[in-house]
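Student: Please take me closely through one part of this model: the sheet and the helices beside it. Keep it brisk.

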Amino acid sequence: MNEAGAGPVVRLTRVSRRFGDRDALADLDLDVHRGERVALLGSSGAGKSTLLALLNGSLRPTGGTVELLDQRPDLLGARARRRLQARIGTVHQRLDLVEQVRVLHNVNAGRLGRMSTATALRSLVWPTGMAEVRGVLEQVGLGWAVHERTERLSGGERQRVAIARLLLQRPELVLADEPVSSLDPARAAEVLRLLTEVGQQQGAAAPTLVVSLHQPALARAHCTRAIGLREGRIAFDVAAPDLAEHHLEELYVL
Ligand SMILES: Nc1ncnc2c1ncn2[C@@H]1O[C@H](COP(=O)(O)OP(=O)(O)OP(=O)(O)O)[C@@H](O)[C@H]1O
């Protein structure tokens with residue numbers, strides 16, 4: 001059903017996630033539809049990273065149900081869950097790049113989820129589809145860096161390598177955990193524009209993106225919807241252009 005874009009990309013029903021005696025998320029109901037660009041706002045510890053980990057199937061809820069692309073990750077076997085996760089692209093705060101290898105190898109890792117294990121291993125030594133790798137690097141402005149060692153790139157450039165890897169993965173849902181917190185305003189805007197493009201290449205009418213941010217102006221400019229989390233609960237859920245000062249006060253006033 002979701003291939004046709006009919007059902008929600010994400011459906012959370014009464015979801016909780018407890019760590020020890022602390023609820024990181026409590027009683028959350030949330031649908032995200034194809035084409036939405038959702039900004040997650042909230043102070044440190046509000047539950048944004050926990051929510052994103054539930055949305056890529058890497059964390060299980062302790063209560064309620066998580067449905068991603070019409071499937072329940074907790075009911076899938078390991079192989080089926082990996083197939084589902086290959087359809088979801090995540091940019092973590094720590095980027096998960098292998099620093100010592102050339103940029104092309106990090107980018108090429110984006111398609112490993114779509115390959116057999118043998119092909120994936122072979123491609124780590126003899127990369128295939130170099131034109132495609134070059135293409136996505138050019139798309140993020142790093143055409144020159146194909147053969148550079150990843151560790152030689154700046155923080156902003158490494159960020160764009162991680163996005164090029166996503167472009168190659170062609171995910172149906174893009175998740176990003178504070179992808180612009182260390183970037184200057186111009187680069188932050190560029191990264192958000194690129195994340196939006198990752199979804200657009202799917203040929204869908206519009207991308208589906210969930211991104212945690214600390215900058216309300218970026219949420220207004222790049223997202224369609226803004227969700228505020230406070231102490232693991234949804235404090236507001238509004239159209240991004242309607243995000244106002246009083247919403248932010250709900251989140252950030254101690
Ligand atoms: N693996 C874990 N073990 C124990 N507690 C955890 C774990 N992960 C998150 N928490 C707790 O859950 C709560 C929510 O954390 P989370 O990282 O989701 O917040 P956040 O909004 O992403 O914060 P930040 O903006 O600082 O990244 C916090 O109290 C945190 O300490």
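Tutor: Two strands pair if DSSP finds at least two bridges between them. Strands (E, at least two residues) and helices (H or I, at least four) are DSSP runs, numbered from the N terminus. The model is predicted, so local features need pLDDT of at least 70 and side-chain atom pairs 80 or more, while totals for chains, interfaces and linings use all residues. Residue numbers start from 1 along each chain as its sequence is written.

Now the sheet. It is open and built from 6 strands. Their order is β5-β6-β7-β3-β8-β9. The pairing is mixed. β5 (88-91) and β9 (233-239) are the edge strands. Each has a single partner strand, so one side of each lacks a neighbour in the sheet. Between neighbouring strands the turn averages 15°, direction ignored.

Look at the β9 edge. β8 (residues 225-230) pairs with β9 in the antiparallel sense. The pairing runs over 6 bridges. Take Ile227: its bridge partner in β9 is Asp237.

Go to the β5 edge. Helix α6 lies across β5 and β6 (173-177). α6 runs at about 180° to β5 (axes are fitted to C-alpha atoms, for helices over the stretch in contact; angles run from 0 to 180 degrees between N-to-C directions).

α6 (residues 155-169) also packs with helix α5 (residues 130-139). The angle is about 130°, and the axes are 9 Å apart. From α5, the contact (C-beta atoms, placed from the backbone, within 7 Å) uses Glu132, Val133, Val136, Leu137 and Gln139. From α6 come Ala164, Leu167 and Leu168. So α6 has contacts on two fronts: it lies across β5 and β6, and it packs with α5.
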